[in-house]
Amino acid sequence: MTNGNHGNRNRLLSLAMIGVFDIAGPLVAYSMLRSAGQSQVSALILSGAFPALGILVGVIRHRRVDTIGVLVLAGIAVGTVLGLLSGSPRLVLAEGSVPTAVFGLLCLGSLWARRPLIYRFAFEFIGADTPRGRDFESLWQYPAFRHSFRLYTLVWGVVYLAEAVARVVIIETTSTSTATALSVSKVMPYVVAGALIAWMTAHGRRARREGERRAAAETVAEAVAEAPAQAAATPPAPVAASSCAA
């Protein structure tokens, strides 16, 4: 019960950090900075401090730097430099497309690695040194399990590349409303990730049910195949004496 409550608190804290640092914080900061007379570029750059601060808090909390955090920081840095050099709010907004596209390419590239990227993320999320993590790692021996995670990694890679393109299109088509483009760019990643996770969960459940069905069918088939041999190896029951006398 204690572990379950601790896990729930961690999930709620993670969601709260996403809401504050990645979504609400930048949007509120941008609106306040614009109201204070800041230009679009400077307001966008300064509002980008919230996601960077969120990553720093995560590093302190977990005592490690994750790949996604590094990519996000790289995107913020690229957007800041391009915005300062060009004075274009579009280029600052496009910073979100950088880590998204890089992550998509990393997913696709990992399909040629020994273990695809989404499997590695799932393994780290479960916990490599936990009983669940060891059970999860042992499943890699099964072809269906390997196929599922290669499929997941392929889908994540393609979808994230499509999202990066979609962000650029949205930024270009909503150039008259920087606030709208900023809102979409902050909310879209979580909508996409949520949809992918929901699809993975549903696919995993179907695959597990199918695997259980196949295992049950194989067990029945083996029992049927072994029945004649067992019958032949079983000696006939001795005839009762009373029967012989009769």
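**Exercise 1. The internal cavity**

Determine how many cavities of 30 Å³ or more the protein holds, and which residues line the largest cavity.

Solution. The count comes to one cavity of 30 Å³ or more, where a cavity is a set of points, on a 1 Å grid over the protein atoms alone, at which a 1.4 Å probe fits but cannot get out. This is a predicted model, in which local features need pLDDT of at least 70 and side-chain atom pairs count only at pLDDT 80 or more, while totals for chains, interfaces and linings use all residues. Residues are numbered from 1 along each chain as its sequence is written, and side-chain values use heavy atoms, with hydrogens and water left out.

The next step is the size. The largest cavity has a volume of about 120 Å³, a volume being the space filled by probe spheres set on the grid points, which are joined across faces, edges and corners.

The lining follows, with lining residues defined as those that have an atom within 4 Å of a point. The largest cavity is lined by Pro26, Leu44, Ile45, Ser47, Gly48, Ile76, Thr80, Val92, Leu93, Glu95, Leu182 and Lys186. At least two residues of this lining come from each of α2 (40–47), α4 (67–86), α5 and α10 (178–233), and α2 supplies the largest share, three residues.

**Exercise 2. The helical framework**

State how many helices and strands the protein has, and what percentage of its residues count as buried.

Solution. Helices (H or I, at least four residues) and strands (E, at least two) are DSSP runs, numbered from the N terminus. On this basis the protein has 11 helices and zero strands. Burial is then assigned from relative accessible area, with buried meaning under 20%, exposed over 50% and partly exposed in between (1.4 Å probe, protein chains only). Of the 246 residues, 30% count as buried.

**Exercise 3. Salt bridges**

Find how many salt bridges there are, and for Glu163 and Arg167 decide whether the residues are buried or exposed.

Solution. Side chains of opposite charge can pair when their charged atoms come close. A salt bridge is counted when a side-chain nitrogen of Lys or Arg lies within 4 Å of a carboxyl oxygen of Asp or Glu, and by this rule there are two salt bridges.

One of them joins the side chains of Arg90 and Glu172, at 2.8 Å from N to O. Arg90 lies in helix α5 (residues 89–93) and Glu172 in helix α9 (residues 143–173), so the pair ties together parts that are 82 residues apart in sequence. Arg90 is partly exposed, with a relative accessible area of 35%, and Glu172 also counts as partly exposed, at 41%.

Glu163 forms a salt bridge with Arg167, and here the closest N and O atoms are 3.1 Å apart. These two residues are four residues apart in helix α9 and are therefore separated by about one helical turn. Both Glu163 and Arg167 are buried.

**Exercise 4. Aromatic pairs**

Establish how many aromatic pairs the structure contains, and which residues are linked by ring pairs into a cluster.

Solution. Rings of Phe, Tyr and Trp (its six-membered ring) pair if their centres lie within 6.5 Å, and planes under 30 degrees apart count as stacked, over 60 as edge-to-face and the rest as tilted. A search of the whole structure finds 16 aromatic pairs. The ring centres of Tyr119 and Trp140 are 4.8 Å apart and the planes stand at 50°, so this pair is tilted. It links distant parts of the chain, since Tyr119 is in helix α7 (residues 117–126) and Trp140, 21 residues away, is in the loop between α8 (131–138) and α9. Tyr119 and Trp140 are both buried.

Phe136 and Phe145 form an edge-to-face pair, with 5.3 Å from centre to centre and 75° between the planes, and Phe136 and Phe145 are likewise buried. Ring pairs link Tyr119, Phe123, Phe136, Trp140, Phe145, Phe149, Tyr152 and Trp199 into a cluster.

**Exercise 5. Contacts across the sequence**

Work out where Leu111 is found, and what distance separates the C-alpha atoms of Leu111 and Arg150.

Solution. Leu111 is found in the loop between α6 and α7, and at 22% relative accessibility this residue counts as partly exposed. The C-alpha atoms of Leu111 and Arg150 are separated by 6.5 Å, although the two residues are 39 residues apart along the chain. Gly109, in helix α6 (residues 97–109), has its C-alpha atom 9.6 Å from that of Thr153, 44 residues away along the chain.

Note on methods
1 Å grid on protein atoms, 1.4 Å probe; cavity = no way out; pocket = protein on both sides within 12 Å on 5 of 7 lines; lining within 4 Å.
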